[in-house]
Amino acid sequence: VSPFAAGKAVDGTLTPLGRWLCDAMPCWVRVDLGKNYYIQRWVVRHMGAIGWSSPSYNMVDYSLQGSLDGVSFSNLDSVTGNSANVTDRTIPLAQARYVRVNVTKGLNINKGVASVAEMEVYGTCAVLSALLLRDGRNTLNYIPPFSPTGFSYTASVKNTTAAVSVTPTALDSSAIITVNGQTVISGQAQLVNLNVGQNTITIVVTADGNDRNTYTITVTRASS
């Protein structure tokens with residue numbers, strides 16, 4: 001509903017005019033994050049957070065939905081029977097480029113009208129899409145199986161294995177990757193020498209300046 005355009009739900013302001021308003025159910029407000037992220041937290045600030053009577057002007061039933069293509073959306077989290085001024089929820093890490101708040105019941109006082117003062121999502125794109133560990137040409141298995149949001153792994157090798165190669169591939173092509181402090185190109189193998197016993201290989205992925213995650217592979221080289 002003019003002048004409460006969708007962009008006002010993400011303009012960083014908490015004012016009566018700086019909100020999104022819709023008068024048809026169901027309805028949604030969508031954001032293109034620009035690239036793929038793993039979302040772990042979402043926030044909705046309702047009208048009660050900017051001066052309207054609470055809980056009368058807070059939304060009732062709505063969900064966070066995510067999509068990789070902007071066409072097919074799936075539910076990442078949902079809220080029913082809300083009365084709070086602010087929804088602030090954490091979720092299992094879920095990959096999305098597009099996110100939307102989908103409303104099925106609007107304001108407590110009028111469920112045919114929805115309004116969002118501000119919506120926020122928090123996540124990371126500093127993750128790996130693949131992580132290979134090799135002994136020469138042989139691919140080594142590690143535990144647990146790789147997942148972009150799994151950050152700790154273990155592997156065992158024979159005593160005759162004096163070195164392994166690690167090939168990390170970043171989800172974000174602009175991310176910076178280091179292996180044991182050495183900068184490597186995404187998708188490029190890095191040789192790591194092994195001592196007898198436990199060896200920790202540390203892979204740090206940094207994106208967007210301060211978005212950072214650390215992966216570790218603890219490789220145990222047999223004593224004999």
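A salt bridge is a side-chain nitrogen of Lys or Arg within 4 Å of a carboxyl oxygen of Asp or Glu. In this predicted model, Lys35, Asp172 and Asp208 are linked in a network of such bridges. The structure holds 7 salt bridges.

Within the network, the side chains of Lys35 and Asp208 meet with N and O 2.9 Å apart. The two residues come from distant parts of the chain, 173 residues apart. Lys35 belongs to strand E2, whereas Asp208 sits in the loop between E15 and E16. Both ends have some access to the surface. Lys35 is partly exposed, with a relative accessible area of 23%. Asp208 is also partly exposed, at 45%.

A further salt bridge starts from strand E2. Asp32 pairs with Arg97, and their closest N and O atoms are 2.8 Å apart. Arg97 lies in strand E5 (residues 86–107) and Asp32 in strand E2, 65 residues apart, so distant parts of the chain are linked. Arg97 counts as partly exposed at 25% relative accessibility. Asp32 is partly exposed at 41%.

Strand E5 also takes part in a salt bridge with strand E3. Here Asp61 pairs with Lys105, with 3.9 Å between the closest N and O atoms. Asp61 is in strand E3 and Lys105 in strand E5, 44 residues apart. The two partners differ in burial. Asp61 counts as buried at 13% relative accessibility, whereas Lys105 counts as partly exposed at 38%. The cut-off explains the split: buried means under 20% relative accessible area, so Asp61 at 13% falls in that class. In general, side chains of opposite charge can pair when their charged atoms come close.

Strands E2, E3 and E5 also belong to one sheet. This open sheet has 5 strands in the order E4-E3-E5-E2-E7, and the pairing is antiparallel. Strand E4 (74–79) and strand E7 (118–124) stand at the edges. Each of these edge strands has a single partner strand, so one side of each is left without a neighbour in the sheet. Neighbouring strands of this sheet are turned by 20° against each other on average, direction ignored. At one edge, 5 bridges join E3 to E4, which run antiparallel. In this pairing, Gln65 stands opposite Asn75 in E4. As a rule, strands of a sheet pair through backbone hydrogen bonds, either parallel or antiparallel.

Strand pairing also involves E12, E15 and E16. Strand E12 (residues 176–179) is joined to strand E15 (residues 197–207) by 4 bridges, and the two run antiparallel. Ile177 stands opposite Val205 in E15. On to the next pair: E15 and strand E16 (residues 211–221) pair in the antiparallel sense over 11 bridges. Here Thr200 stands opposite Thr218 in E16. E15 and E16 form a hairpin with 3 residues between the strands. In this hairpin, Asp208 takes a positive phi near 55°. Asp208 is the residue that meets Lys35 in a salt bridge.

Aromatic side chains make contacts of their own. The structure holds 4 aromatic pairs. The rings of Trp42 and Tyr62 have their centres 6.3 Å apart. Their planes stand at 80°, so the pair is edge-to-face. The reasoning rests on a cut-off, because planes over 60 degrees apart count as edge-to-face. Trp42 lies in strand E2 (residues 27–45) and Tyr62 in strand E3 (residues 59–67). The pair therefore ties together parts that are 20 residues apart in sequence. Both rings belong to buried residues. Trp42 has a relative accessible area of 1%, and Tyr62 has one of 2%. Elsewhere, Tyr142, Phe146 and Tyr153 form one aromatic cluster. In general, a pair of aromatic rings is described by the distance of the centres and the angle of the planes.

Two arginines also meet aromatic rings. Arg19 lies over the face of Phe4, at 4.3 Å from the ring centre. Arg41 lies over the face of Tyr122, at 4.4 Å from the ring centre.

Conventions. Residues numbered from 1 in each chain as written. Predicted model: local features only at pLDDT ≥ 70, side-chain atom pairs only at ≥ 80, totals over all residues. Heavy atoms only, no water. Phe/Tyr/Trp six-rings, centres within 6.5 Å; stacked < 30°, edge-to-face > 60°. Buried < 20%, exposed > 50% of the residue type's maximum accessible area, 1.4 Å probe, protein only. Lys NZ or Arg CZ within 6 Å of the ring centre and 35° of its normal. Pairing = 2+ DSSP bridges. Axes fitted to C-alpha atoms, helices over the stretch in contact; angles between N-to-C directions.
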